[in-house]
Amino acid sequence: MSGNRGKTIVLWIFVIFGLVMLSAPTLVVLGASFTSGNIITFPPDGFSLKWYAKIAGASDLRGAFLRSLVVASICTVIAVPAGTLAGIALSKYAVRMEKTIQVYLLLPFTIPLIGSGIGLMLVLGNAGMLGQLWPVGLACCVINLPFMIWAVTASASGLDPDLELAAANLGAPPLQTFLHVTLPAVTPGIITGALLMFILALNEFLVSLLLVDARIVTLPVQIYNSIRSIITPDLAAISVVFIACAAAAIFLLDRLVGLDIFLKSK
Amino acid sequence: MPDAANAATARDGRGEAPIAVSVRHVNMVYNGQHAVKDASFDLPKGNFLTILGPSGSGKTTLLRMIAGFGAPTSGNIVINGRAVGAVPPHRRSIGMVFQKLALFPHMTAAENVAFPLKMRRRDARTIPDKVERYLNLVRLGGLGDRRIHQLSGGQQQRVAIARALVFEPDLLLLDEPLAALDRKLREEMQLEFRRIQRELGVTTINVTHDQREALVVSDEIIVMDKGEIQQKAQPTETYRQPNNPFVANFIGVTNFLQGKALSFEAEGEVRFLHGDVVLRGRAGSAAASLGNGREVRGALRAEQIRIAAEEAALTGLDTVVSGEVEDAIFEGERVVYEISVPALDGAILRVFDHDVVGHTQFEAGRRVFLGWTVKDVLVFAG
């Protein structure tokens, strides 16, 4: 009996320790953003929203945030068709050299971001495409595409192959079968993947750092540039805005497809 | 129901029931293995055919080839006079009920049923009426707005049937759709299939491993094993005149008595030696191959063996032996005995007993008498 109780206490200590460690950075940033002082501290020095007012008024931050949204949108727009088709193909058909293709598609995971960043910088630079926003979106798509493929594959592998045969049997030509049966069945995976891609591209720092110049800095790069001069609480405030974006995406995901599908996929 | 003679004339193209499906020398080879081997049969219009066989017998492969999912390695499939070899599944007029039903989960019951009509570009104004008519046919009137997961297993079955029939296909295929249901619901749905099939007169091919279902629903049964058709006959004939030991064993509970053929008597009677005992039976098919001295097997159905406590109660039967009850299993409507018979080299015979009057049940260890007639034993080469 007492052994059981001891076990419970130890378990709870572990759980609480884990939760505190995981949430501490978020809580610190959240707290620090509401400080009324002029330096970033935790616990905050008084309470005010002045740093939020400051970032709302700062045109460079606003511009950077908008650019980040554009980059994230471009990334998502490219990733959805590419990742959906690749994911369906990989999970449903006996594609030749399927294993090789899978490894290749997962490769961006295994290469350090700084490596792929330099590679992309060289390629895009040689093509004379740097200095624009869309190559940054494309680059974010390239390095994060495995997430999209993974989300779609998780959905598509649960798809009963007989569903497509049934559609054919009922008179649907292949394209109609794809539109009416296959696509709806993998929609949860597409939504999950699209939101992931959007958030990842919005937050993407390292590769963006290499691909942007002073005219088109994205928000994470802008923050990084600010840190190099002085650390003021407005950085905490902008971080909170970031966190809010991610939270909104998770909320949207839960509303649209339910978090359970996201959590139980492999 | 067209009888055998009728079907034979239909085959010549002169009878009143034309051939709906003709399968000619169809082979399917996977990795050098014959999944289906030289399958040939004709199915008259309006008939209900069941392909019965254990798993791996090739029955589902054959059905899927008829649906157009996978082309035969060789041979022809002709539906309504048209060879369908090069016709993709969506251009064949075939309704199919899948084993796992394959209903579209993101659509309602009515949308599922409307799907084939939309895909076939039927007049949009007539679709709702038609959908409702077929939902009523399967007794789902008023449930069209339900999502698939809001329906019970039996109701989902009915949606699948309505969806497969609503476009008035030339042929209905059933790929073991009842396998997953519990027994009561399964038996209810078997009768439902039978009712709907008779009502619409649609030619149907049903695939199952359930011998009872095959006997209950079919006009004709094809028994398959190891990719080959073993027998094609009406249910009563399949049961009473099995072509070979496989069919005899697969349908019903059958005791086999091994022996050597001794002599052939009048009216197809065969005498054979089992151990030291001479047994009598009637020749099964291919009696010509049962030469004297050949190994033969006598097949004896469990329900054909009469059981009694006294030898005198079995007078009038051709063969009477004594045995000892090894096990008695009460199954409700009958008692299943396992009885060892010293005179037959200690062979264990399975016996069904329906003692409707006395409700007698013999205990294990009890000495009993078993009896049967010559025509109860069907003798095969073997």
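**Contacts and unusual residues in a predicted two-chain model**

In this predicted model, 14 residues of chain A are in contact with 17 residues of chain B.

Me: Which helix gives the most to the side of chain A that touches chain B?
Reply: Helix H7 (161-169) and helix H8 (174-203) of chain A each supply at least two residues of that side, and H7(A) gives the most, with six residues. The residues of the side of chain A that touches chain B divide into nine nonpolar, three polar and two charged.

Me: Why does B:Leu101 count as buried?
Reply: B:Leu101 has 23 C-beta neighbours inside 10 Å, and a residue is buried if 20 or more other C-beta atoms lie within that distance, so B:Leu101 counts as buried. B:Leu101 lies in the loop between strand S6 (94-97) and helix H3 (109-119) of chain B.

Me: What makes the phi of B:Leu101 worth a remark?
Reply: Most residues other than glycine have a negative phi. B:Leu101, although not a glycine, has a positive phi of about 70°.

Me: Why does B:Arg139 count as partly exposed?
Reply: The cut-offs are 20 or more neighbours for buried and 12 or fewer for exposed; B:Arg139 has 14 C-beta neighbours inside 10 Å, and therefore counts as partly exposed. B:Arg139 is found in the loop between helix H4 (127-137) and helix H5 (153-165) of chain B, and its phi is positive, near 60°.

Me: What does the chain form over residues 136-156 of chain A, helix or strand?
Reply: UniProt, in an unreviewed entry, lists residues 136-156 among the spans of chain A under "transmembrane region", and in the model this span is 100% helix and 0% strand, with its end C-alpha atoms 29 Å apart.

Key: Residues are numbered from 1 along each chain as its sequence is written. Chains are lettered from A and ligands numbered from 1 in the order in which they are written. This is a predicted model: local features need pLDDT of at least 70, side-chain atom pairs count only at pLDDT 80 or more; totals for chains, interfaces and linings use all residues. UniProt positions are given in the numbering used here, feature names are shortened, and annotations may be inferred rather than shown by experiment. Helices (H or I, at least four residues) and strands (E, at least two) are DSSP runs, numbered from the N terminus. Two residues are in contact if their C-beta atoms, placed from the backbone, lie within 7 Å. Ala, Val, Leu, Ile, Met, Phe, Trp, Tyr, Cys and Pro count as nonpolar, Asp, Glu, Lys and Arg as charged, and the others, Gly among them, as polar.
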